[in-house]
Structures are given as structure tokens and as C-alpha cells.
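Me: Hi! Could you walk me through this structure, one topic at a time?
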Amino acid sequence: MYYLLELKEGLLISFHAVRANKMRSVLTTLGIVIGIVSVTLMATAIEGLNRAFERSAAAFGTDVMYIQRFSWVSNEDWATIRNRRNIEVSYVNKIERQSQLTDAVAPVAFTVRRVTYGSNSTEDAFISGTTHVYMRASGSTLADGRFFSPEESSGGRPVCVIGATIAENLFPREDPIGKTIRVAGYPYMVLGVFEKQGGLFGTFTTDTRVFVPINSFQAKFGGRRDITIQVRVADPKKMEDARIEMEGLMRNIRGLPPGKPNDFGINQQEALTAAFAPISLVIASIGLFITGLSLFVGGIGIMNIMFVSVTERTREIGIRKAIGAKRRTILMQFLVEAAALCLIGGIIGLAIAFPLSLIVDQFLPTAMPVSVVVVSLLISLVVGVISGFLPAYRAARMDPVEALRYE
Amino acid sequence: MGVIGLTNIVKTYDMGEAEEVHALQGVSVAIQENEYVAIMGPSGSGKSTLMNIIGCLDTPTSGAYLFNGLNVSEMNDNELAKIRNKEIGFVFQTFNLLPRSDALHNVELPLIYGGISSGERKRRALETLNHVQLGDRVHHKPNELSGGQRQRVAIARALVTKPSIILADEPTGNLDSKTGEEIMMLFEELHHQGNTIILVTHEADIAEHAHRVIRLRDGKVESDQRVTRRKTYPAAAAS
């Protein structure tokens with residue numbers, strides 16, 4: 001109860017002090033405002049980056065393996081990889097027959113072509129040829145329509161499923177389903193549209209892709225390509241076992257003798273996340289450290305002004321002590337003043353940082369979750385208490401007799 | 001048992017470089033309840049130091065100070081603060097009011113530090129301000145009040161906790177003679193109402209309002225006598 005009274009009196013005093021010295025309060029708080037704005041913006045950018053990464057990584061599917069010529073994260077040099085044999089479509093049947101721990105295998109062939117619809121076009125759309133199994137062996141979801149049926153897939157029918165960005169470009173005002181687009185001039189009817197994925201990995205998102213049956217793909221765009229084989233693991237808990245099984249199968253298929261290293265990669269989303277995590281941490285640490293410095297400088301400004309404030313009010317401190325204020329009371333009074341100044345700075349800083357983060361969002365992904373807001377406010381409070389402590393302590397320890405004599 | 005019992009109080013200040021100032025060199029004084037005492041002396045006599053010690057703003061280097069029977073000379077900072085808050089009412093020459101707060105808040109302040117609730121505080125503060133005839137100016141700030149009015153606010157602040165003693169340091173020093181007389185009349189009234197008043201001054205004609213004058217010189221009590229020809233206010237005695 002007493003503490004509440006002290007707090008109230010402290011707040012009252014801070015209010016008067018700030019009002020009496022508006023210019024000074026503004027200038028002092030400015031340091032904190034700038035500090036909070038920069039720290040908050042940095043935190044929102046980092047949070048945005050992490051979220052964008054997570055969304056992008058999710059597109060890879062948590063239980064999907066990608067069998068490719070190379071590993072995503074490796075220390076193999078380009079010379080070694082360049083001369084590797086392609087991954088062949090024929091492997092798919094063999095894998096399906098022999099693998100026990102996987103339950104969906106889809107080949108994905110790849111090329112870049114122009115797609116058009118009427119007067120709309122996309123120059124460099126990523127064309128992928130695959131089977132009807134694809135949806136089960138990927139992490140993507142459809143926003144509209146459907147994927148190929150087994151008949152359409154094995155028959156190489158001229159049907160397609162397009163990504164969200166392709167749909168936006170070619171069909172700004174219509175529903176794409178049922179319409180026929182042209183892929184490098186060839187007609188394909190749209191069966192479905194993927195959900196927008198966004199994200200950091202430009203080529204890997206479905207947004208800019210057009211999926212057609214692989215039989216049609218090979219007939220129109222050539223059959224001697226390197227492909228990716230996407231495989232879904234039946235039981236996500238047995239990911240590691242499935243990986244080992246796949247490695248064994250692939251070595252068998254490729255005819256690699258024991259002792260010879262793999263000439264292919266079995267890639268998983270996990271590898272990306274694991275590679276990204278330390279990078280993200282370093283970026284976050286450096287970023288927050290640098291912006292934290294500006295907050296630190298703001299705190300020093302507060303400490304400086306609080307010292308001045310204490311000296312200015314020496315007489316007042318003497319009076320309060322003569323009337324019976326305890327040391328702790330005087331300490332609280334000035335601590336509250338410093339903390340209140342900083343909290344106001346923090347609130348103003350957040351109010352500025354929010355619209356700014358929306359602007360930054362045009363260039364870098366940002367996200368301002370409630371946690372960033374709460375932490376920023378807490379930080380400003382803590383800065384206030386720490387910066388205010390030494391001056392408040394000095395005030396508390398003043399000798400009342402001398403303080404009363406002060407001019 | 002009196003209110004104040006000072007026995008052989010010594011206060012020495014260490015000014016560094018082996019130089020010491022002997023402000024008080026063995027002062028013994030006893031003051032009873034409802035006395036009206038003036039402490040007089042020239043500059044350097046130690047009267048300010050004695051006042052600070054009586055008021056628990058400072059502690060003696062040696063000697064005992066019994067306040068209402070409690071041994072104050074051994075108390076720590078918080079305990080002294082508590083005594084200052086509840087038992088001692090200061091009145092200063094320069095009024096020492098908080099400039100940005102109104103009269104009511106100034107008078108409330110000791111009650112705030114004493115942990116009294118808001119409603120009770122306001123009631124007592126208003127009552128005390130009425131008592132010193134300032135009931136119509138409770139929301140004025142010090143710069144909106146005359147010198148005499150400011151001193152009344154200070155006196156109200158001193159009274160609001162119903163202290164054991166009222167300690168006044170040159171209370172009329174910053175006032176013209178007419179206003180000064182008004183304030184001394186107020187003190188007389190307060191004395192009649194049962195308060196114990198200790199006045200510190202270097203002016204003889206202010207000291208003559210008290211019943212007893214203690215003269216200090218060079219840190220020692222030079223004389224301690226009842227006043228023979230007092231200045232009184234018959235009107236005050238009647239109220």
C-alpha cells in the first residue's frame with residue numbers, strides 16, 4: 001500500500017518535472033526514442049526474415065526427400081558435380097518397388113519457357129513435368145481446382161496446374177480453372193492453382209511454376225534431362241532410416257561399388273533450416289548489438305539529465321528529507337522519474353517504428369508481433385531504471401542539512 | 001521526563017587536513033512539554049548545529065539525546081526520518097515550500113510520507129490550513145502567496161502531523177516587521193493551544209516572545225533563563 005503511494009507521488013513529481021522542462025525532456029527522450037525505433041525495426045526485420053524462411057522452408061515439406069545430382073549443403077566442388085550422371089525417370093519405378101519406408105515417389109523435370117494467355121504473358125515461367133503423385137510428395141497445397149488424375153498423368157494429356165503468381169499475371173480478373181494457356185506455344189488447360197507461398201527461395205516456390213504431366217513434358221521439351229525425384233517418407237519419425245534406405249537403393253541403382261562416395265544428394269528441408277539457423281543468429285546478434293548501442297547512448301543521455309535534475313533539486317530533496325522522507329523514498333522518486341521518461345520514449349518510439357516497419361516491409365519481410373512490442377517497452381523501462389539509478393542514489397544519500405543550505 | 005533531554009552534546013566537524021571545527025562543546029539542555037523556548041546566539045555560536053541536532057537532521061559526535069525518552073543519538077537514518085516525520089515540525093526562514101505544488105499538497109506532504117490515506121490526508125491538511133487562516137487559499141501555489149501567507153503554509157505543514165515540537169529557524173527573517181509580528185502572534189496562539197515551541201534566532205526582540213531564552217556562545221551554553229519582560233499578545237492569550 002505504501003509503495004503504491006510512493007509510486008503515485010513519484011509519478012506526480014515526474015509529471016511536474018517533465019512539464020516544467022519541456023524542451024529538456026523532449027531532447028533527452030529523443031535519445032531513447034531513436035534507440036527504441038532502431039532496435040524495434042531491427043527486431044521486426046529479423047522476425048520477418050525468420051518467418052519468411054520458415055514459410056519458404058515449409059514449402060519443401062517436412063517429410064519429403066529430394067533426390068538430386070547434388071546436395072544442397074555440401075563442400076563438394078563444382079568440378080566434381082558437373083560431370084555427374086543425370087538422375088533418370090526410370091529410377092522412379094525401381095524406387096517405388098524396392099523402398100519400404102516411403103509411400104510416394106514423383107519425378108520432377110524442369111525447364112524455363114514463356115507462358116501466355118490472350119495478351120498476358122510471363123516470360124520466364126518455370127515449367128515442371130511430373131506425375132499425379134506429386135501432391136503427395138511435396139509440401140504445397142492447392143488454393144483452387146485439382147491436380148492431374150492418374151489417367152491424365154499416364155496419358156500425357158495437355159493439362160496443367162499453375163502457381164499463384166502465374167495465375168495473377170495471366171488471369172488478373174478471371175478464374176483460371178478450365179481456361180487454356182499456352183506454354184511455349186503449346187496449349188494446356190488449367191486444372192488447378194497453387195496457394196501463394198512467397199518466401200525467400202525464388203526458384204523453389206510454386207508461385208512461378210507451371211506443372212504439366214511428365215509424359216507431355218518429355219514429348220514437347222525433351223526427355224534427356226536431369227530430373228529431381230521427390231519422395232515422401234511414410235513415417236516422419238523414421239526419417240533417418242528412410243534416408244539410409246534410400247541411399248542404399250540409389251547406390252544400387254547407380255551401380256556404385258562400396259567405398260566410392262555418393263554421386264547424388266538426398267536433400268531435406270532440415271538441412272536448410274540447420275544451415276540457416278546459425279546465419280540467422282549471427283545476423284540477429286550483430287544487428288541487435290549495433291542498434292542496442294544507440295539505445296545505450298540514449299540511456300547515457302537520461303543518466304546525464306537525471307544527474308542535472310538531482311543537483312537542481314538539491315534544496316527540494318533537503319526539504320523532503322526534513323519532513324521525513326526516507327532515503328528509499330527519495331530513491332524511488334527519481335527512479336520513477338527516469339523510468340517514466342524512458343517509458344514515454346519507448347511508447348513514442350514504438351508509435352514511430354510501427355508505420356516505418358510497414359514501409360520497410362515493401363523491401364524486406366518484416367513482422368511486428370506483440371512480443372517485440374512488449375520486449376521493447378520492457379527494455380525502455382529497464383534502461384530507465386538502470387540509467388536513473390546512480391543519480392537517484394546520489395539524491396537519496398544527500399545530507400539534508402547541506403541540501404537545505406544549497407542555493 | 002521532558003520532551004528534549006540533551007546531555008553533554010559535542011559536535012565536531014572534520015574539515016580535512018587535521019583541521020576540526022568544534023561546533024558544540026558540551027551542551028546540556030532539558031525542555032519540557034508546552035515550553036516556549038528561544039535559542040539565541042551570534043554567528044558561529046553553534047545554534048544552527050544545535051537546532052539540526054534537536055531536529056534529528058544531524059547526530060552528535062558524542063553525548064546523549066533523549067527525545068520523549070527515546071535515545072535518538074544512536075538511531076539510524078530511517079528511524080530519524082520517521083521521528084522527523086511524526087514528531088518534529090520545521091519552520092524555516094526561507095519557508096522551503098515546494099514551488100510547483102499548491103498549498104494543500106505542501107501541507108499534505110508529511111502525511112504522504114507518513115503513509116496516511118488520501119481522504120484522511122486531505123481532511124487534516126484542510127483543517128490545519130483553516131487553523132492558520134488560509135482556508136480560502138488552499139489551491140494557491142507559493143508564488144501566488146505573500147511572504148506571510150507562505151510562512152503560514154509552512155507552519156500548517158509543521159503542525160499537520162501534530163508533532164511533539166515545533167522547531168522554527170528565524171521564522172520572521174524574510175518578513176517585514178508587521179508580517180513578522182503576525183507570525184509571532186500565531187506562534188503565541190499555538191503555544192497557548194499546548195504546542196512546544198523552540199525558536200532559534202539571533203534577534204533579541206524576536207527572542208523576547210518566548211518564556212525562556214538559552215544563549216549560546218562558542219559552542220557552549222552561556223545562560224539559560226526565564227524571560228522577565230515578555231512581548232505578549234493579549235488577544236492571542238484570549239483565543
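Me: How many residues does each chain put into the contact between chain A and chain B?
Reply: The contact takes 19 residues from chain B and 17 residues from chain A; two residues are in contact if their C-beta atoms, placed from the backbone, lie within 7 Å. Bear in mind that this is a predicted model: local features need pLDDT of at least 70 and side-chain atom pairs count only at pLDDT 80 or more, while totals for chains, interfaces and linings use all residues. Residues are numbered from 1 along each chain as its sequence is written, and chains are lettered from A and ligands numbered from 1 in the order in which they are written.

Me: Which element gives the largest share of the chain B side?
Reply: That is α2(B), with 6 residues. Helices are DSSP runs of H or I with at least four residues, and strands are runs of E with at least two, numbered from the N terminus. By class, the chain B side that touches chain A has 8 nonpolar, 6 polar and 5 charged residues. Ala, Val, Leu, Ile, Met, Phe, Trp, Tyr, Cys and Pro count as nonpolar, Asp, Glu, Lys and Arg as charged, and the others, Gly among them, as polar.

Me: Staying in chain B, is α1(B) buried or exposed?
Reply: Buried: 8 of the 8 residues of α1(B), residues 47-54, are buried, so this helix is largely enclosed by the rest of the structure. Among them are K47(B), L50(B) and I54(B). (Buried is 20 or more other C-beta atoms within 10 Å of a residue's own, exposed is 12 or fewer, and partly exposed is in between; C-beta atoms are placed from the backbone.)

Me: And what comes just after α1(B)?
Reply: C56(B), which takes a positive phi of about 60°.

Me: Switching to chain A, how do α2(A) and α12(A) pack?
Reply: Helix α2(A), residues 22-58, and helix α12(A), residues 370-396, pack at about 150° with their axes 10 Å apart. Axes are lines fitted to C-alpha atoms, for helices over the stretch in contact, and angles run from 0 to 180 degrees between N-to-C directions. The two helices are therefore roughly antiparallel (over 145 degrees; under 35 is roughly parallel, 65 to 115 roughly perpendicular and the rest oblique).

Me: Which residues meet there?
Reply: From α2(A), they include I32(A), I36(A) and V39(A), which meet a set in α12(A) including V372(A) and V383(A). The contact residues divide into 6 nonpolar, 4 polar and 1 charged.

Me: What about α9(A) and α11(A)?
Reply: They pack at about 140°, with axes 11 Å apart, and are therefore oblique to each other. I302(A), M306(A) and V310(A) of α9(A) make the contact with F334(A), A338(A), L341(A) and C342(A) of α11(A).
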